[in-house]
Structures are given as C-alpha cells and as structure tokens.
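Hi,

Here is the structure I promised to pass on. Have a look at it first, and my notes follow below.

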Amino acid sequence: RGFSFKREVQPVLDKFCVGCHKEGAQPVNGQVVADFTAKKDNGERNFTKSYIALHPFVRRPGPESDYHLLKPLEYHADTSELVQMLKRGHYNVKLDGEAWDRLVTWIDLNVPDHGTWTEHVNGARPQMQRRKEMFAKYANRTDDPEAIPEPANKEPVKYVAPGPLPERKPQDLRVTGWPFDAAEATKRVSAANLPTALKIDLADGKVLDLVLVPAGEFVMGDSAGPIDEVPASRVKIDKAFYMGAMEISNAQYAAFDTKHDSGVISQTGKDQGERGVLINQPNQPVVRVTWNEAIAFCQWLSQKSGKKFTLPTEAQWEWACRAGTASVFFYGTRDTDFAKFANLADSSLSQLDRGDAPPWHPRDRRFNDGCGVTSDVGRYEPNAWGLRNMIGNAAEWTLSHYQRYPYIDTDGRNNLKTDGMKTVRGGSWFDRPIHTGSASRLPYRPWQAVFNVGFRVVMSTDGQSNITATGTGQPAAAVSRR
C-alpha cells in the first residue's frame with residue numbers, strides 16, 4: 001500500500017501526542033504548542049493539517065534538492081528535531097517499537113503525506129484508470145493501486161498519557177567565585193601568566209588563531225534542562241588551555257584535506273538545476289566532517305606544529321563557552337536577542353523557502369541574525385574570553401563519548417578508544433534557542449558526517465615552540481578585536 005500520513009503516522013500522534021498537542025493548548029515556555037489532532041478537512045495545498053503541523057520538526061531533502069551524490073546518513077532520522085527531542089526524553093513520552101518504526105520509516109521515505117494519487121490531487125484523474133488497465137494487461141494485476149485498505153483494527157486509537165516526569169532532587173551546587181563577570185574573566189586570563197593569544201601557521205598563509213582559557217571550577221550541566229543535562233555537577237578544569245578562537249574554516253581544513261567539500265544546504269521550492277545555498281566558501285566553518293576526521297586533523301596539526309592538539313572535552317567546551325556565566329547563554333536567556341552574538345534558527349531562515357513553499361523550517365521569528373545558513377567564522381561578537389560562535393553557526397564535535405551525567409572526566413568518556421556515540425555541542429544555524437545553550441548536547445556516530453556539525457581545536461599550554469605569541473599580557477577579548 002502507499003505510505004499515508006493519515007493511516008501510518010497519525011495513529012502515533014493519536015496514541016502519544018494529542019493529549020498535549022491539541023487545539024487551544026496553552027503556550028509552553030513562550031512557544032506555541034503545535035496541534036497534532038486529526039482534522040476532517042485538509043489544509044494549505046491539500047496537505048493534511050496535522051502533517052503541516054509536524055513537518056517542520058523533521059528534516060528531509062524535499063523535491064528538487066541537491067542532485068549531487070550525498071554522503072551516507074545525510075538525512076538520517078537523528079538529524080531531525082523530532083527524533084532528537086523524543087530521544088532526549090520529551091516530557092517523558094516513551095514511544096513503543098511500532099511507533100518508532102512508523103516515524104523513522106516516514107522520514108526515510110522523504111516525509112510523504114498522501115498514500116494514493118487520488119488523495120494527493122483530491123479526486124480521480126483519467127490517468128488512474130489507464131494505470132489500472134496497464135496493470136491488468138501487462139502485469140496480470142487486478143488490484144486497484146488507488147484502493148485504500150481497510151484497517152485491521154477499526155477501533156480508534158486511545159491516547160496513552162506519559163508517566164510523570166522523573167523526580168529531580170533539588171541541587172544546591174555552589175562554587176566559590178563562580179559565576180563571574182567579564183572583568184573577572186579578563187583578570188583570570190591575565191593571572192595565568194601566559195600569552196593570551198597565539199597564532200599557528202597552517203599552510204599557504206592560512207593561520208589558526210588561539211586564545212587562552214584559564215583554569216577554574218564551575219557547575220556543569222543544567223538542573224532544569226533535558227534529561228541528558230542532569231544532574232549538574234561541580235567540575236574543575238585543572239589546567240589552562242588554548243582554544244581555537246573560531247571554528248575551523250573550510251580554507252583551514254583544506255590545508256589538511258584538499259578534497260573535502262562542505263557542500264550546500266538545500267532549499268524548498270527552488271528551480272531544478274540549482275544546488276542550494278553554498279556553505280563551502282573559504283571563511284565558512286567546515287561541516288560534514290566526521291568525528292574521526294576531526295581527530296585526524298588534530299593529529300596532523302600536532303605533527304606539523306610539534307604541539308599537542310585535540311578536540312575539547314565536554315567540560316573544557318562548556319567552561320570555555322560560559323566564560324564565567326551561569327545563564328543559558330553567555331549573552332543572556334532564551335529571550336535575549338542573539339543577533340549580535342550567535343547564528344541560530346530565526347527569521348533569516350526564510351531564504352530557504354523558495355517560491356510558494358510552506359515555511360517548513362522551525363525558527364524563532366522574534367530575531368534576525370542576518371544569516372540563513374553558516375556565516376563566516378568571525379562574524380559575531382565574542383564571549384569574555386575572545387571565543388566566537390561557541391553558540392550557533394556550526395555545532396561542534398567534542399572529544400567526549402556521549403554518556404549520562406554526572407560528568408566524570410576520568411570515567412573513560414574522553415578515551416579515544418571508547419566506542420559509541422560522540423557528543424556535539426553548541427547548536428547551529430538550524431537550531432532554535434529553545435533547543436540550544438551552553439549545556440545542550442547531542443549524540444552522533446563518530447563516522448557520521450552531519451550537515452551542521454564542524455569543530456574547533458584545543459592545544460596544551462606546555463611550551464610554545466613553533467608558535468607566535470600575539471597577545472602577551474593583554475586580555476583575550478581585546479586581542480580578538482584587534
């Protein structure tokens with residue numbers, strides 16, 4: 001039978017979602033609650049109304065997308081916000097195996113709505129009769145491809161309410177001297193008595209800028225966040241380290257791998273023959289690199305420079321991102337206008353909707369950061385330690401294996417030989433503020449090249465051979481604005 005949203009996916013919504021996602025539901029955390037209830041009449045362009053409501057939370061290529069060969073897992077279900085939310089414990093909703101099969105199959109089939117042409121065009125057409133005749137004459141088929149099969153069980157699907165949210169014990173975690181303001185952040189950098197900014201020559205005039213991140217202690221995680229961000233814990237960064245002031249760019253990565261292409265982001269409703277919006281320009285962050293490839297870049301850079309480079313651990317990354325802050329973002333809350341500080345999913349995503357295509361991409365319409373896809377790596381204002389684009393633009397691989405909290409640095413999660421999913425931090429241009437923050441995290445396979453994931457590097461502070469100091473004794477934020 002043809003795969004129909006009404007017959008295959010709607011039952012999942014009826015069973016697990018419509019108790020909350022219904023008409024008239026009150027906003028949650030300032031966000032409108034999508035209505036997933038079944039409706040008798042269809043909506044815009046004959047789409048099923050609940051399909052229109054759910055589609056924005058699912059990533060797919062769509063019609064007339066990039067015609068070049070894609071990398072494996074480019075549109076894997078785990079790149080969809082819907083799957084990410086459910087796997088992270090969305091209000092304790094727990095799908096059964098059948099429900100997961102239906103959702104993932106729907107995504108793998110490129111998110112179809114109608115299961116027959118009659119439903120699609122909203123009525124019969126002469127071609128449908130001709131098709132039946134050809135079936136019978138040349139395939140000895142007497143079945144009607146337009147027929148809608150009767151369900152095995154005609155009983156309406158009953159809603160199954162999720163269990164109560166797991167109890168969270170109140171956490172009163174305090175660290176002396178943390179959080180702290182930008183002035184204190186600058187003071188701590190100066191107190192490290194190390195160059196506050198360094199440059200490394202990669203090749204052909206390509207330079208890697210590093211800034212100093214001092215040692216310190218903070219509370220890692222978010223006690224009010226998703227289940228994978230709790231419990232929060234006190235974490236001590238024993239030693240200062242240098243971190244890339246920006247994500248590794250396409251031009252910088254080309255010094256290591258000349259054949260890599262970050263490619264394009266497809267648009268909906270565009271003309272045939274167009275690839276989409278380019279994200280492979282020299283100053284844009286490299287993306288669609290696997291964790292394995294990012295590690296290989298670090299190993300290459302270590303051999304070239306004589307220094308120890310690697311990916312940041314989750315603890316290093318969050319400490320560096322927060323730069324002394326305890327708020328959701330270093331620049332404020334999820335209601336703060338981030339246009340000067342981050343490239344997140346906002347009204348600028350309109351450039352991905354061409355022609356009469358519906359606005360399929362979720363976005364926070366309150367803000368406009370000026371970029372519909374990745375921007376140049378140095379475009380947005382830095383945090384107090386001179387680090388740019390820690391939030392948004394391209395999400396970033398970390399060294400750490402994706403494991404439950406509390407975070408323990410020595411439990412094997414930062415061992416290169418640990419198998420399993422690796423952790424991505426920071427969110428991207430494709431992610432709304434509600435799903436992003438200094439503590440937010442997502443898992444991907446180490447061999448998976450993800451459309452919005454790149455990386456930045458960290459370097460040990462041991463010695464300084466083959467490196468040029470550019471900011472000895474100066475605050476890192478000032479150096480980054482030179």
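The protein has 11 helices and 14 strands. Please keep in mind that this is a predicted model.

Let me begin with the overall picture. The chain has 482 residues, and a compact globule with that many would have a radius of gyration near 23 Å; the protein has 25 Å, which agrees. Along the principal axes, the C-alpha atoms fill a box of roughly 80 × 55 × 40 Å. Buried residues account for 50% of the 482. The accessible surface comes to about 22,700 Å², and carbon and sulfur atoms contribute 52% of that. I also looked at contacts between residues at least 6 apart in sequence: 72% of them join residues at least 24 apart.

Now to the strands. A good place to start is β1 (residues 197-203), which runs antiparallel to β2 and is joined to it by 6 bridges. Within this pair, Asp201 stands opposite Val207 in β2. The hairpin of β1 and β2 has 2 residues between the strands, and there Asp204 takes a positive phi near 55 degrees.

From β2 (residues 206-213) you can move on to β5, since the two pair in the antiparallel sense over 4 bridges. Leu210 has Gly244 in β5 as its bridge partner. β5 also pairs with strand β13 (residues 458-460), again in the antiparallel sense, over 3 bridges. In that pairing, Met243 is opposite Val458 of β13.

What do the side chains of β5 (residues 241-244) do? Phe241 and Met243 point one way from the strand, while Tyr242 and Gly244 point the other way, and all are buried.

There is also an open sheet of 4 strands, in the order β11-β10-β9-β12, with mixed pairing. β11 (441-444) and β12 (453-454) stand at its edges with a single partner strand each, so one side of each has no neighbour in the sheet. The partner of β12 is β9 (residues 395-401), and these two pair in the parallel sense over 2 bridges. Here Ala395 stands opposite Val453 in β12.

Among the helices, I would point you to α10 (residues 314-322). Why can we call α10 largely enclosed by the rest of the structure? The reason is that 9 of its 9 residues are buried. Along with Trp317 and Trp319, the buried residues of α10 include Glu314, Glu318 and Arg322. Just after α10, Ala323 takes a positive phi of about 50 degrees.

Finally, the surface. Val28, Tyr91 and Leu165 form a nonpolar patch there, with about 290 Å² of accessible area together. Val28 lies in the loop between α1 (5-16) and α2 (49-54). Is Val28 buried, partly exposed or exposed? Val28 is partly exposed, because its relative accessible area is 33%.

If you want a short route through the model, try following β1 to β2, then β2 to β5, and β5 to β13. After that, turn to α10, where 9 of the 9 residues are buried, and end at the surface patch of Val28, Tyr91 and Leu165.

Happy browsing, and best wishes

Notes
Residues numbered from 1 in each chain as written. Predicted model: local features only at pLDDT ≥ 70, side-chain atom pairs only at ≥ 80, totals over all residues. Heavy atoms only, no water. Patch = residues over 30% accessible without salt bridge, like charges linked within 9 Å, V, L, I, M, F, W, Y side chains within 5 Å. Areas by Shrake-Rupley, 256 points an atom, 1.4 Å probe, with all protein chains shown as cover. Salt bridge = Lys/Arg side-chain N within 4 Å of Asp/Glu carboxyl O. Buried < 20%, exposed > 50% of the residue type's maximum accessible area, 1.4 Å probe, protein only. Rg over C-alpha atoms; globule rule 2.2 N^0.38 Å. Contact = heavy atoms within 4.5 Å. Pairing = 2+ DSSP bridges.
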